[in-house]
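Visitor: I would like to look closely at a single part of this structure and to see how its side chains sit among their neighbours. Could you take me through it slowly?

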Amino acid sequence: MIQQEYEELEQSINPKEATLEDLSVYDRIIICTSGGKDSTACILYLLDIGIPKDKLVLWHHDVDGGVPFMDWPVTGNYVRALGEALGINTEFQWRTGGFYEEMMRENKLTNNVQFEDGQGNVTTLPTKNGKLSTRRKFPAKTASLRTRWCTAYLKIDVMRRVLNNHPDYQRGKYLVITGERREESANRAKYLNVEKHPCDRKDRQVTWWRTIIEWPEAKVWEIIEKYRILPHPAYWLGFSRTSCFGCVFCTADQWATVRDIAPSKFDELVRLEQELNHTIDNKLTLIELANNGISRVPRNMDPEKWVRMALNRDITTADIIMDKWQLPAGAFTGAAGGSI
């Protein structure tokens, strides 16, 4: 029922190579910021090369729509605190009801999109087109956006609709930055460094730059250490990426860790697997996955502190700059996970 929607979305993101101009010519530079190490490194690199802070804006796609369900509860406040600590404006974007309502959607259109402007005002973009359809499935563990709908519907489509309708971006030249790196996967190794963004049009130039695509992980951590930025709490708990807390790409060890630190959340996802008769993994249930893994919470790095910070929303600007920087436990532990 929803195949046509995916085909239209995938057609809108077919890459077309472009040329990066002198950064001074862009009216605004949008950095898509997940809270992960790679998008953080993009921000710090732009500051390193002297881009004025008032030319930068951080855009965060809140996959849960403000009510923690699948993502780390701390992520939204971490991103906002990071922007405040660096003196860069941060704007949030989300689909109403977030991950949960999109997953449970039954015989209805996908929900509206909402976004903040630079003053914190919220605008709603109603969903008017499309066909009534039913989802009631977890995203598939695959590269295809047709079935891995979380990336398509909660990030890519949300950003596309906001950029096309945001009053501040209707005319001019804009640069969109994301933090994919070739080292992460065979699929990402094929990405273009610079391409036309799907929102590029005749009266508005939008260029997409994967700023650190050639960087090894070591260089990412080096620039984060230089600025003494606190890595997202997920890294301190042994996670190599800051994809969603319940990401479909989580390994058996990561699911064992989730069960260890958040048993009620783990039980909720198990219940939903049973209700939907559909598993998060392609082959195994969550219980089977967790039973096959080992919790990797490091016991030598004050685990209670990091669990408390990761599962709450009370991180502040004062937490972002570390007095004595340390490499978190999740560094150099692999590329499992589906975010940047």
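**A close look at helix H5**

Guide: In this predicted model, the buried residues of helix H5 are Trp149, Cys150, Thr151, Ala152, Tyr153, Leu154, Asp157, Val158, Met159, Arg161, Val162 and Leu163. Since 12 of the 17 residues of H5 are buried, the helix is largely enclosed by the rest of the structure. H5 runs over residues 149–165 and reaches 22 Å from its first C-alpha to its last, which is close to the 24 Å expected at 1.5 Å a residue. Along the way the helix has a kink of about 30°, centred on aspartate 157, and Asp157 is itself among the buried residues.

We can now follow some of these side chains outwards. Trp149 belongs to a cluster, linked by ring pairs, that also holds Phe69, Phe99 and Tyr100. Within that cluster, the rings of phenylalanine 69 and phenylalanine 99 have their centres 5.9 Å apart and their planes at 50°, and because planes from 30 to 60 degrees apart count as tilted, the pair is described as tilted. This pair links distant parts of the chain, with phenylalanine 69 in the loop between strand E2 (56–61) and helix H3 (75–86), and phenylalanine 99 in helix H4 (residues 98–103), 30 residues apart. Both phenylalanine 69 and phenylalanine 99 are buried.

Trp149 is also touched by methionine 103, whose other contacts, leaving aside residues up to four places away in sequence, include Phe69, Arg135, Phe138, Leu272 and Leu276. Met103 is in turn one of the residues that touch the most other members of the largest nonpolar core, a group of 80 residues, to which helix H2 (residues 37–48) gives the most, with 6 residues. Apart from that core lies another, of 16 residues, and Met159 of our helix is among them, as are Val57, Tyr174 and Val206. In soluble globular proteins, nonpolar side chains tend to be buried together.

Tyr153 offers a contact of another kind, for the charged end of arginine 135 sits over the ring of tyrosine 153, 4.8 Å from its centre. Arginine 135 is also among the residues touched by methionine 103. A similar arrangement can be looked for elsewhere in the model, where the charged end of arginine 210 sits over the ring of tryptophan 208, 4.4 Å from its centre.

Definitions and conventions:
Residues numbered from 1 in each chain as written. Predicted model: local features only at pLDDT ≥ 70, side-chain atom pairs only at ≥ 80, totals over all residues. Heavy atoms only, no water. Core = buried A, V, L, I, M, F, W, Y, C linked by side-chain atoms within 4.5 Å. Buried < 20%, exposed > 50% of the residue type's maximum accessible area, 1.4 Å probe, protein only. Helix = DSSP H or I, 4+ residues; strand = E, 2+ residues; numbered from the N terminus. Contact = heavy atoms within 4.5 Å. Phe/Tyr/Trp six-rings, centres within 6.5 Å; stacked < 30°, edge-to-face > 60°. Lys NZ or Arg CZ within 6 Å of the ring centre and 35° of its normal. Expected span 1.5 Å × (residues − 1). Bend = angle between axes of the 7 residues up to and from the residue.
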